2 protein chains.
Amino acid sequence: MDRVYLDYAATTPCDPEVMAAMQPFFYERFGNASSPHFFGRRARKAMEDAREELAGFIGAKPEEIVFTSGATEANNLAILGTARALKPKGRHLIIGAIEHHSILEPARQLAKEGYQITYVPPDPTGIISPFEIQKALQSDTILVAVGHANNEIGAIEPIEDIGYLCREAKIYLLTDIAQTIGHIPVDVSTLRADFASLSAHKFYGPQGVGALFMRKGVTCGPWLLGGDQERGRRASTQNVAGTVGMAKAVGLCRNRMDQEAGIQQKLRDELIDAVLSGFAGVVLNGPASNRLPNNAHFSFPNTDGEELVARLDLAGVACSVGSACTSGQLEPSHVLKAIGLSDRMALGSLRVTLGRWSSRADSARFIQQLKIIDPCKKK
Amino acid sequence: MDRVYLDYAATTPCDPEVMAAMQPFFYERFGNASSPHFFGRRARKAMEDAREELAGFIGAKPEEIVFTSGATEANNLAILGTARALKPKGRHLIIGAIEHHSILEPARQLAKEGYQITYVPPDPTGIISPFEIQKALQSDTILVAVGHANNEIGAIEPIEDIGYLCREAKIYLLTDIAQTIGHIPVDVSTLRADFASLSAHKFYGPQGVGALFMRKGVTCGPWLLGGDQERGRRASTQNVAGTVGMAKAVGLCRNRMDQEAGIQQKLRDELIDAVLSGFAGVVLNGPASNRLPNNAHFSFPNTDGEELVARLDLAGVACSVGSACTSGQLEPSHVLKAIGLSDRMALGSLRVTLGRWSSRADSARFIQQLKIIDPCKKK
């Protein structure tokens, strides 16, 4: 069956140019980047070039980039590493209520260790107000974590303003840019972020590689122990091909992002119009503007979202109810609960995310199959 | 310049067949293994097949394999995860004095947290005696960690016997198999190990992917937090292409290991003979038998090993002084100190490790260049 992929927020295919860039580093140009000989220096050079490319793309310095296995590791490192290192200074963290679980779970772990966590709710469109962050600030607050854009409903958060007040209060700001890098402009200086986490596989790079931006001079304990790699902040033989691939993915996005975002947004807007006008009772979750250009997220009343996804899948169309990291859970999404959806609406959710290879034919196929399934029909 | 690579213990090139096996999973067969739709199920199937292949190769069950970013992460997870989970039961760990830093550093971290660590020294050939482990056992010992083979001097440890006494004493045994898997037979049941750590890039798989074997029922806290991947033991979108590549590397080793080990051992023995007979005062470190088939490790008196490696590199031959993870350190290796070498001999060390593509011409080139450099000449 010819299949349509509309779940780019879960993972993207590697761009063929990314694969081509990685290819030589598996065999012809292989090496351990810590080895002092020719093979090692060659690998190290490729990796440091990759670091420079990534850093430049997000307005960071190369030495502020720590390569990791992905955004989950980066988020764990930033939250646990910072909180434990700053324990003498304070034990209060402010976390967006709609953060990814790789932020929420480490925060819960810290709560068990005696830290105090304030979860800041979003408004009904998913936007976290800087004013709400400000209200939550305490004299012992050490870290604020709010993602640049929400992975389910696509809300782009006012990180610049949150960053401004964090900087005023001399509190670290962590922002998860996994959903935004390569899709909309990201500059850690403009955002005033001290930490930013990302995964290559969300912007046409390989799985298993990502990075944490750590602003120069920040206090954050080391993560993996046992080697001097990544300036002692993350031991482990570096994934040279993976970092080269991530850098190539950055380079492609640098050139194409504006154009791609425009195309996807137009296609996405047409898709939203078709769904909202074609099905009774359906609602769009997340903001109308300030939204990721490739994200559409709906709730269908009296519909089981998991079943809807399964039926679309049978018809050859891949969508999701929300985050892939939590698929199979029976609870309604914490994001949808936080924006005030009833269980009934939250459980009927459907996320459609477009990408580099999405076409009008793809969205037409989606609409066509959705009409056949007709989730809003009386049962 | 035509170059010779004799540092296979630092990293191996990816086998071209491994690259070919990974290739489709970057683009044509991509997917997030946690997604419930076709793309996700396809990715998950490939990953679970990979898990089965790896598990079968080391005598484990598929559900006992946790994919990680490499052996360093696996070692960190096993030591920190076990020690912290078993804190109420005991706070004493027994660690081989010649372990990799990804074992030693987490142990040092635990010492800071109030745990007691006993470092068990090897004999002068690098073998850690089960008797010495037995002497170190306490009523509150929770974990013994001894690598299957040492990464510098190639000593193969008597893990079966250490495993036997750990099992008798109901104490967990962690063994780092990064140097042995794919090179000599490894069976976690025969070894009686409860945990075993490995990296794909040490046996012709890709960098950035590895695994931890965790025997069913062992107590070990989760590592990365924030998703249900790897049965909740390691959150993060899985590296599907990487795990497929690792499994292909396993398959190749399964078929070729015995033959390759025989070829490498013969070549290695000739190389050792040529060095020992060609240079006055040079010694072979590590055991004569019970040694990795591809490993040779020498000490040249009155020689700076780093300089020797640099001069060989200039002549087109890549070797190392020891572990790539510690290159650039000015201290003599803890392994060489532990087997009783003087600083003078420890600092004059040279590790030569062979692999799949090593030839007699490679070792002849090494011997030829070593004779030109003549490290033992009077200065």
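Me: Why is Tyr204(A) called buried?
Reply: In this predicted model, Tyr204(A) has a relative accessible area of 1%. A residue counts as buried when that value is under 20%. The value of 1% meets this condition, and therefore Tyr204(A) is called buried.

Me: Where does Tyr204(A) lie, and what is its phi?
Reply: Tyr204(A) is placed in the loop between strand S7 (195–199) and strand S8 (210–214) of chain A. Its phi is near 75°, a positive value in a residue other than glycine.

Me: What makes Lys170(A) exposed?
Reply: Lys170(A) has a relative accessible area of 68%. The term exposed applies over 50%, so Lys170(A), at 68%, is classed as exposed.

Me: Where is Lys170(A) found, and what is the sign of its phi?
Reply: Lys170(A) belongs to the loop between helix H6 (159–168) and strand S6 (172–176) of chain A. Although Lys170(A) is not a glycine, its phi is positive, at about 55°. In chain B, Lys170(B) comes just after H6(B) and takes a positive phi of about 55°.

Me: Which residues of H6(B) are buried, and what covers them?
Reply: In helix H6 (residues 159–168) of chain B, the buried residues include Ile159(B), Ile162(B), Gly163(B), Leu165(B) and Cys166(B). Among the elements covering the buried residues of H6(B) are helix H5 (130–136), strand S5 (141–145), strand S6 (172–176) and helix H7 (188–191) of chain B.

Me: Why is Glu306(B) called partly exposed?
Reply: Glu306(B), which is found in helix H9 of chain B, has a relative accessible area of 33%. Buried requires a value under 20% and exposed a value over 50%. Because 33% lies in between, Glu306(B) is called partly exposed.

Me: How far apart are Glu306(B) and Val283(B) in sequence and in space?
Reply: Glu306(B) and Val283(B) are separated by 23 residues in sequence and by 17 Å in space, C-alpha to C-alpha.

Me: What makes Thr11(A) a buried residue?
Reply: The relative accessibility of Thr11(A) is 0%. That value is under the 20% limit, so Thr11(A) counts as buried. Thr11(A) sits in the loop between strand S1 (4–5) and helix H1 (16–22) of chain A. Leaving aside residues up to four places away in sequence, Thr11(A) touches Tyr5(A), His201(A) and Gln207(A), together with Phe30(B), Gly31(B) and Asn32(B).

Me: How do you know that the side chains of Thr11(A) and Gln207(A) are in polar contact?
Reply: The distance given for the side chains of Thr11(A) and Gln207(A) is 3.4 Å. The cut-off for a polar contact is 3.5 Å between N or O atoms. The distance of 3.4 Å is within 3.5 Å, and the pair therefore satisfies the distance condition.

Me: How is chain A divided, and how far apart are the centres of its domains?
Reply: Chain A is divided into domain 1 (4–12 + 257–373) and domain 2 (16–251). Taken over C-alpha atoms, the centres of domain 1 and domain 2 of chain A are 27 Å apart.

Me: How many residues are in contact between the two domains of chain A, and what area do the domains bury?
Reply: In domain 1 of chain A, 33 residues are in contact with 34 residues of domain 2 of chain A. The two domains bury about 2600 Å² between them, with 59% of it on carbon and sulfur atoms. Across this interface there are zero salt bridges by the rule, while 14 residue pairs are in polar contact. On the side of domain 1 that touches domain 2, helix H8 (240–278), strand S10 (295–299) and helix H10 (334–338) of chain A each supply at least two residues. By class, that side has 14 nonpolar, 15 polar and four charged residues.

Me: Why is the pair Arg41(B) and Asp313(A) called a salt bridge?
Reply: The closest N and O atoms of Arg41(B) and Asp313(A) are 2.6 Å apart. The limit is 4 Å between a side-chain nitrogen of Lys or Arg and a carboxyl oxygen of Asp or Glu. Because 2.6 Å is within 4 Å, the pair is called a salt bridge. The rule finds two salt bridges across the interface of chain B and chain A.

Me: What else describes the interface of chain B and chain A?
Reply: The contact takes 63 residues from chain B and 62 residues from chain A. The buried area is about 5200 Å², of which carbon and sulfur atoms give 61%. The rule also finds 20 residue pairs in polar contact across this interface. On the side of chain B that touches chain A, H4(B) gives the most, with five residues. By class, this side of chain B has 28 nonpolar, 27 polar and eight charged residues.

Conventions. Residues numbered from 1 in each chain as written. Chains lettered and ligands numbered in written order. Predicted model: local features only at pLDDT ≥ 70, side-chain atom pairs only at ≥ 80, totals over all residues. Heavy atoms only, no water. Contact = heavy atoms within 4.5 Å. Buried area = accessible area lost by both parts, 1.4 Å probe. Polar contact = N/O pair within 3.5 Å; in protein donor to acceptor, adjacent residues only side chain to side chain. Helix = DSSP H or I, 4+ residues; strand = E, 2+ residues; numbered from the N terminus. Nonpolar A, V, L, I, M, F, W, Y, C, P; charged D, E, K, R; others polar. Domains from an automatic or database assignment. Buried < 20%, exposed > 50% of the residue type's maximum accessible area, 1.4 Å probe, protein only.
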